[in-house]
Every structure is written in structure tokens, then in C-alpha cells.
Amino acid sequence: MAADVGGLQRFPKVVGNQSLVRELCLSARKLHADEAYQLGFVSRVCVDKETMMAEALELASQIASKSPVATHGIKRLLNYSRDHTVDDSLEYAIAWNLSMLQGDDMKAAAIALLQKQTPVFPSLPSKAKL
């Protein structure tokens, strides 16, 4: 059975190399960490599990300190851009950013910057509240 949740459609765009895509998909061979790093599939390789967990938690902490609205928007825009043209993605980003300006996160960030403080952002509402 072939993958049917978008992996075969997205993977070639991420890899950018039809030969490697076909090799990995058709052989189902394991892609080891050093090769994954060389190919740009992962941003770093750690020496052991403890180091990996420490670095992952540090990165998660950095991301969590940012505006949830901005973080969500960045994820949406990156995913959209992966599957659309640059022009379409720019149009989408303009519409997205205009709607995000309606919230309080930009104001909180600007005030914190002026006051040389770390901004505090409210959590995103749960889907049940939307």
C-alpha cells in the first residue's frame, strides 16, 4: 500500500532530489542521523539522548517565550509556502498579517521592547472557545 496522507506528495518538494526520494521511498532503507543532517532533514545531531533532550527543551523554551499568535502564524505561513508559489504565499502572508494585527500581541511586544522587559503573551484560545 502506498502512503496516502500527503507524504509522497510533499517529500519530493522537501528533498528537492527525485533520485534520493525514489531511493528512500522504494527501498524503505533507514536514513541515519549523519546522513539526515548532511541532507538538511534535521537541523542538528546530538551525541546522546540526554543532550538531545536538553537541547530540545531549550529550543522549546525559546519558542514558548514568543507570541503564540506569531508562532502559529509562522507555522501556517511556512506550510502554505511549501505548497504554493512565492507570489501566492506573499498574498497569503499579507492577508494573514493584517488579521493578526487585530490582536494584542503586537502591542504587548512593542510595550515590552520600549520598557526593556520580556513580553508576556496570553495563550491562544482553545478550539472549543472559537
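Analyst: A residue counts as buried under 20% relative accessible area, as exposed over 50%, and as partly exposed in between. Please keep in mind that this is a predicted model.

User: Thanks! Is Arg-10 buried, exposed or partly exposed?

Analyst: Arg-10 has a relative accessible area of 35%, so this residue is partly exposed.

User: Which residue does the side chain of Arg-10 meet in a salt bridge?

Analyst: A salt bridge is read from a side-chain nitrogen of Lys or Arg within 4 Å of a carboxyl oxygen of Asp or Glu. Here the partner of Arg-10 is Asp-83, at 3.9 Å from N to O. Arg-10 sits in helix α1 (residues 7–15) and Asp-83 in helix α5, so this salt bridge ties together parts 73 residues apart in sequence. Asp-83 is partly exposed as well, because its relative accessibility is 29%.

User: Which other arginine forms a salt bridge with Asp-83?

Analyst: That is Arg-82, whose closest N and O atoms with Asp-83 are 3.0 Å apart. Shared partners thus join Arg-10, Arg-82 and Asp-83 into one network. The structure holds five salt bridges; another of them pairs Arg-29 with Glu-23, with 2.7 Å between the closest N and O atoms.

User: Let's move on to helix α5. How far does α5 reach from its first C-alpha to its last?

Analyst: The 16 residues of α5 span 23 Å, close to the 22 Å expected at 1.5 Å a residue. At the N-terminal end, Ser-67 acts as the cap of α5, with a side-chain oxygen 3.2 Å from the backbone nitrogen of Val-69.

User: And the aromatic rings: how is a pair described?

Analyst: The general idea is to give the distance of the ring centres and the angle of the planes. There are three aromatic pairs in this structure. In one of them, Tyr-80 and Tyr-92 are stacked, with 3.9 Å centre to centre and 5° between the planes. This pair links distant parts of the chain, since Tyr-80 belongs to helix α5 (residues 68–83) and Tyr-92, 12 residues apart, to helix α6 (residues 86–100). Trp-96 joins Tyr-80 and Tyr-92 in one aromatic cluster.

User: Lastly, which residues form a nonpolar patch on the surface?

Analyst: Ile-94, Leu-98, Leu-101 and Met-106 do, together offering about 420 Å² of accessible area. Among them, Leu-101 lies in the loop between α6 and α7 (105–114). Leu-101 counts as partly exposed because its relative accessibility is 49%.

Terms used: Residues numbered from 1 in each chain as written. Predicted model: local features only at pLDDT ≥ 70, side-chain atom pairs only at ≥ 80, totals over all residues. Heavy atoms only, no water. Phe/Tyr/Trp six-rings, centres within 6.5 Å; stacked < 30°, edge-to-face > 60°. Helix = DSSP H or I, 4+ residues; strand = E, 2+ residues; numbered from the N terminus. Expected span 1.5 Å × (residues − 1). Polar contact = N/O pair within 3.5 Å; in protein donor to acceptor, adjacent residues only side chain to side chain. Patch = residues over 30% accessible without salt bridge, like charges linked within 9 Å, V, L, I, M, F, W, Y side chains within 5 Å. Areas by Shrake-Rupley, 256 points an atom, 1.4 Å probe, with all protein chains shown as cover. Buried < 20%, exposed > 50% of the residue type's maximum accessible area, 1.4 Å probe, protein only.
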